[in-house]
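Hi,

Here is the structure I said I'd pass along. Have a look at it first, and then read on for what I found in it.

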Amino acid sequence: MEPFDEKELSSLLQRWKAPAAPASLNVSTVGLRPSRWQWLWTGSIRVPVPVGMIVVFVAAVFWIAFGGSHPQPGAPPVAVPNNAATPVVEPPVSAPPEVAVSRQPASPALAGFRPVSQLEPKIIKEQR
Amino acid sequence: MTAISFRAHSGNYYCVTEAEFQAVFNEHKDAVYRFVWRMTSSATVAEDIAQDVFITLLRAPGRFDPVRGTMRSFLLGIARNLALKRWRDEHRWEELDDETFRPDPVDPKRGDVAEIVGAAVRALPPLQREVLILAEYDELTLEEIAHAVESEIGTVKSRLHRARENLRRMLASLGPAKTEKGERSSHGTIR
């Protein structure tokens, strides 16, 4: 077997032909660049990490300052009256001193509450 | 009309129109397609990658720098990267440039001379195959090949040398005399 020199090898390699690009290979430039409206839905922007961190930090500060009064997760739901939309609290104008208003929640006071077995109303006549 | 900017020699950008892009596409599409076809031996993959090459050019035209090389070597470089990426996905555990690759001579009764040559080229490790294809079929200079494959000229020379040695070994059974004989049998004349 005779070895090839450069020219012989090159001419032998040229025997292997490759086909031309098919007609279906057609890069249409129309539509490759998205329109501005399309960009609003599919576009992306690159944000440097420091800028992103500052934005996240500022957003967190705002959330803590103005949006942190939400109920804690896991707390029982509190019944809110219908007029809770207008939480106007008016202080009592002249509260009688002998009347003590219990501020304690109602639920502990009703813990041992049971309905009476027999109702015995008493009529007390007014003395004049 | 959509404008596409290419980097000028001065480093500034100038624009080409869609028509000019189409001219680039028409001029280089066959070279890009043939290169990928020879690298992958798949018409479907060649078409996909060739399309991706021109879409890459369209989306990032500023990556082309005429100072560093020609448009053709730039496009072939993109095609080479895409083809190698696909090859790596499919042959995760194989060496790209296997220096220990020692092929056996091909059987001359295996088929047509062109088919045997094609099979021999496809049997080369990818990094040897790409420089051989770029040198022999795309007729790029060593400098252009080095630009396309992002390697030093010395590395390209070395790979090209190994590729040719391997091909000589594989195609030895064809020999110059047998090649002429094969050509006569298939075409009826000796070139």
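A word on naming before we start: helices and strands here are DSSP runs, numbered from the N terminus, with a helix needing at least four residues and a strand at least two. Read that way, chain B goes β-β-α-α-α-α-α-α-α-α from its N terminus, which comes to eight helices and two strands. Chain A has four helices and zero strands, so to speak an α-α-α-α run from the N terminus on.

Keep in mind that this is a predicted model. Its scores are ipTM 0.73 and pTM 0.61. For chain B the mean pLDDT is 80, with 79% of the residues at 70 or more. Where is confidence highest and where is it lowest in chain B? The top spot goes to helix α5 (residues 126-136) of chain B, at a mean of 93, and the bottom one to helix α8 (residues 176-187) of chain B, at 46. Two stretches of chain B stay under 50: residues 9-15, with 17 contacts beyond four places in sequence, and residues 180-191, with 12 contacts beyond near neighbours in sequence. Where pLDDT is low, the predicted coordinates should not be read in detail.

Now for the chains as a whole. In chain A, 10% of the 128 residues are buried, and the accessible surface is about 12,600 Å², with 63% of that belonging to carbon and sulfur atoms. In chain B, buried residues make up 53% of the 191. Chain B exposes about 9,700 Å², and carbon and sulfur atoms supply 47% of that. Among the contacts in chain B with a separation of 6 or more, 62% are between residues 24 or more positions apart.

One helix pair in chain B is worth a look on your screen. Helix α1 (residues 18-40) of chain B packs against α5(B) at an angle of about 145°, and their axes are 10 Å apart. The crossing of α1(B) past α5(B) is right-handed. Which residues of the two helices meet there? From α1(B) they are B:Phe35, B:Arg38 and B:Met39, and from α5(B) they are B:Pro126, B:Arg129, B:Glu130, B:Ile133 and B:Leu134. Sorted by class, this contact has five nonpolar residues, three charged ones and no polar ones.

That's what I have for now.

Cheers

Terms used: Residues are numbered from 1 along each chain as its sequence is written. Chains are lettered from A and ligands numbered from 1 in the order in which they are written. This is a predicted model: local features need pLDDT of at least 70, side-chain atom pairs count only at pLDDT 80 or more; totals for chains, interfaces and linings use all residues. Side-chain values use heavy atoms; hydrogens and water are left out. pLDDT is the predictor's confidence in each residue, from 0 to 100. Contact means heavy atoms within 4.5 Å. Buried means under 20% relative accessible area, exposed over 50%, partly exposed in between (1.4 Å probe, protein chains only). Accessible areas come from the Shrake-Rupley method with a 1.4 Å probe; for residues, only the protein chains shown count as cover. Axes are lines fitted to C-alpha atoms, for helices over the stretch in contact, and angles run from 0 to 180 degrees between N-to-C directions. A crossing is left-handed if the near helix is turned anticlockwise from the far one by less than a right angle, and right-handed if clockwise. Ala, Val, Leu, Ile, Met, Phe, Trp, Tyr, Cys and Pro count as nonpolar, Asp, Glu, Lys and Arg as charged, and the others, Gly among them, as polar.
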